[in-house]
Amino acid sequence: ESLSYFYNLIAMFCLYACMTGYSAVLSTQANLSDVGMRNALSPVHHGIVLAGYLTASFLVQYICISITLLFDIFVLQIDFGSQIPRVLLTVAAGCLTGVCLGFFIGSIGRMNAPVKDAFLMGFIMICSGLSGLFAGNARIYVEHAVPILNRINPSTLISDCFFSMVVCSSSKRFYTDIRDLLLVAFVFFILGLLNERGKQYESL
């Protein structure tokens with residue numbers, strides 16, 4: 001059961017990449033930050049600036065969590081199975097989902113930054129709670145009551161990837177989780193693009 005909490009904790013760390021994705025959007029919105037004002041006045045296309053920020057956000061988060069996980073595996077001897085490439089793939093998919101989540105929330109409307117911060121933190125805590133971070137059996141209850149939530153909850157999908165590497169001899173469950181996780185990331189990204197498209201500011 002202790003592994004369950006640990007896997008869910010790593011899942012929460014991956015989703016915290018949303019803060020870097022959110023900061024990336026904040027840095028391109030003239031109504032929310034001084035950096036956004038400067039970027040809005042820049043001759044560089046908005047999409048290129050945003051893509052650069054999001055890519056950097058993903059890489060920094062991925063490298064940091066990967067180093068932490070490798071330390072956990074080789075120094076602390078935490079059991080993640082014997083598939084290190086799959087561990088790194090899970091972290092990559094989790095961080096990507098987090099960044100896309102931050103991108104989506106940051107692109108919603110023109111509400112102020114503190115409100116978006118609170119929404120992001122609340123969303124991550126709900127996802128983590130439903131996946132079992134606060135109560136180990138939460139995911140089982142969700143599976144019986146509303147199973148679809150376990151298929152779209154990014155925290156559940158990330159932690160289940162780790163579980164599948166340890167308890168499953170087949171790789172089918174692992175790759176199904178990765179597929180669903182990438183699909184969630186894709187939905188967040190597309191929604192973010194739709195929100196960002198055509199944004200204009202009357203004055204700076």
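Helices are DSSP runs of H or I with at least four residues, strands are runs of E with at least two, and both are numbered from the N terminus.

**Overview of the chain, a predicted model with 10 helices and 0 strands**. The coordinates shown in every view come from a prediction. From the N terminus on, the order of elements is α-α-α-α-α-α-α-α-α-α. The chain has 204 residues, and 44% of them count as buried. Among contacts with a separation of 6 or more, 73% join residues that are 24 or more positions apart. The accessible surface of the chain amounts to about 10300 Å², and carbon and sulfur atoms hold 68% of this area.

**Close-up of the largest nonpolar core, a set of 46 residues**. In soluble globular proteins, nonpolar side chains tend to be buried together. Here Cys14, Leu69, Phe80, Val87, Ile158 and Phe162 have the most contacts inside the core. Two or more core residues come from each of helix 1 (2-15), helix 2 (18-26), helix 4 (46-74), helix 5, helix 6 (113-131), helix 9 and helix 10. Helix 5 gives the largest share, 11 residues. For Leu69, the contacts beyond four places in sequence are with Ile10, Phe80, Val87, Val91 and Phe162. Three of these partners, Phe80, Val87 and Phe162, are also named among the core residues with the most contacts.

**Close-up of Thr97, a residue of helix 5**. Helix 5 comprises residues 84-107. Thr97 has a relative accessible area of 1% and is therefore buried, the limit being under 20%. The side chain of Thr97 reaches the backbone oxygen of Leu181 at a distance of 3.4 Å. Apart from neighbours within four places in sequence, the residues in contact with Thr97 are Leu15, Pro154, Leu181, Val184, Ala185 and Phe188. Among these partners, Leu181, Val184, Ala185 and Phe188 are buried residues of helix 10.

**Close-up of helix 10, residues 172-196**. The end C-alpha atoms of helix 10 are 36 Å apart; this agrees with the expected span, because 25 residues at 1.5 Å a residue should also give 36 Å. The buried residues of this helix include Phe174, Asp177, Ile178, Asp180 and Leu181. Further along helix 10, Val184, Ala185, Phe188, Gly192 and Glu196 are buried as well. An α-helix has 3.6 residues a turn, so residues three or four places apart point the same way.

**Close-up of the salt-bridge network of Arg139, Asp160 and Arg173**. Arg139 and Asp160 form a salt bridge in which the closest N and O atoms are 3.5 Å apart. This pair links distant parts of the chain, with Arg139 in helix 7 (residues 138-145) and Asp160 in helix 9 (residues 154-167), 21 residues apart. Asp160 also meets the side chain of Arg173 in a salt bridge, at 2.3 Å from N to O. The second pair likewise links distant parts of the chain, joining helix 9 to helix 10 across 13 residues. Arg139 counts as buried because its relative accessibility is 16%, and Asp160 is buried at 10%. Arg173 is partly exposed, with a relative accessible area of 36%.

**Close-up of the salt bridge between Arg179 and Asp180**. The two side chains meet at 3.0 Å, N to O. Arg179 is exposed, since its relative accessible area is 52%, whereas Asp180 is buried at 12%. The count for the model comes to 4 salt bridges.

**Close-up of Asn153, in the loop between helix 8 and helix 9**. Helix 8 covers residues 147-152. With a relative accessible area of 5%, Asn153 is buried although it lies in a loop. Outside its neighbours within four places in sequence, Asn153 is in contact with Cys127, Leu130 and Ser131. Asn153 and Ile126 are 27 residues apart in sequence, and their C-alpha atoms are 9.5 Å apart in space.

Methods
Residues numbered from 1 in each chain as written. Predicted model: local features only at pLDDT ≥ 70, side-chain atom pairs only at ≥ 80, totals over all residues. Heavy atoms only, no water. Buried < 20%, exposed > 50% of the residue type's maximum accessible area, 1.4 Å probe, protein only. Polar contact = N/O pair within 3.5 Å; in protein donor to acceptor, adjacent residues only side chain to side chain. Contact = heavy atoms within 4.5 Å. Expected span 1.5 Å × (residues − 1). Core = buried A, V, L, I, M, F, W, Y, C linked by side-chain atoms within 4.5 Å. Areas by Shrake-Rupley, 256 points an atom, 1.4 Å probe, with all protein chains shown as cover.
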